[in-house]
Amino acid sequence: MTIINTCGASASTNPKFPAIVIFGDSTVDPGNNNYIDTIFKGNIAPYGINFPGHVPTGKFSDGKLVTDFVASSLGIKDVVQPFLDPNLTNDDLRTGVSFASTNSGYDDLTTLLSNVITVSRQVEMFRSYIEKLKGIVGDEEPTTSLLRLWW
């Protein structure tokens, strides 16, 4: 609550943060594992039972993830989409994505048998995201701000 209250953003105002970018494991994976060859997928019941539409989305959750609630509270978007989703729109990319992968770990050896996205690979995907974002918004301030945070 401290983060949300001190940011001063709400869904009815322009967000103070233009985008949200997520790295991590199953606690924040919105479904990236649906798009890779692994057995670790949250696209079966009971996952998603409390999500709009009551369908599994690849999240290891029965509904929204903490990152979805944070993004919504900051007025950025209702849900954070997986970067690997082939149906991402330009607006999805402008407002941020998640690179998280279930069963991931900081040590690349953690994922050797599970074939999921390592944290180092998530960083590589982030670099690709920046290039895509540059192609969409050019030199607009959100890209510049995001690049300043990264570099």
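From the N terminus on, the chain's elements run α-α-β-α-β-α-α. The model is predicted: local features need pLDDT of at least 70, side-chain atom pairs count only at pLDDT 80 or more, and totals for chains, interfaces and linings use all residues. Residues are numbered from 1 along each chain as its sequence is written, and side-chain values use heavy atoms, leaving out hydrogens and water.

**Exercise 1. Take stock of the chain: how many helices and strands does the chain have?**

Step 1. Apply the element rule: helices (H or I, at least four residues) and strands (E, at least two) are DSSP runs, numbered from the N terminus.
Step 2. Count: 5 helices and 2 strands.
Step 3. Add burial. Of the 151 residues, 40% count as buried. Buried means under 20% relative accessible area, exposed over 50%, partly exposed in between (1.4 Å probe, protein chains only).
Step 4. Check contacts (heavy atoms within 4.5 Å). Among those between residues at least 6 apart in sequence, 55% join residues at least 24 apart.

**Exercise 2. Classify the aromatic pair of Phe83 and Phe99: stacked, tilted or edge-to-face?**

Step 1. Recall the rule. Rings of Phe, Tyr and Trp (its six-membered ring) pair if their centres lie within 6.5 Å; planes under 30 degrees apart count as stacked, over 60 as edge-to-face and the rest as tilted.
Step 2. Search the whole structure: 8 aromatic pairs turn up.
Step 3. Read the geometry of Phe83 and Phe99: 5.0 Å centre to centre, with 50° between the planes. The pair is tilted.
Step 4. Place the rings. Phe83 sits in the loop between β1 (81-82) and α3 (90-95), Phe99 in the loop between β2 (97-98) and α4 (119-137), so the pair ties together parts 16 residues apart in sequence.
Step 5. Check burial. Phe83 is buried at 8% relative accessible area; Phe99 is buried at 0%.

**Exercise 3. Extend the picture: which aromatic cluster contains Phe99?**

Step 1. Phe99 also pairs with Phe126. Their ring centres are 5.9 Å apart and their planes stand at 85°, so this pair is edge-to-face.
Step 2. Phe99 is in the loop between β2 and α4, Phe126 in helix α4, 27 residues apart; the pair links distant parts of the chain.
Step 3. Phe126 is buried, with a relative accessible area of 3%.
Step 4. Assemble the cluster: Phe23, Phe83, Phe99, Phe126 and Tyr129.

**Exercise 4. Locate Leu109 and decide: buried or exposed?**

Step 1. Leu109 lies in the loop between β2 and α4.
Step 2. Its relative accessibility is 61%, so Leu109 counts as exposed.
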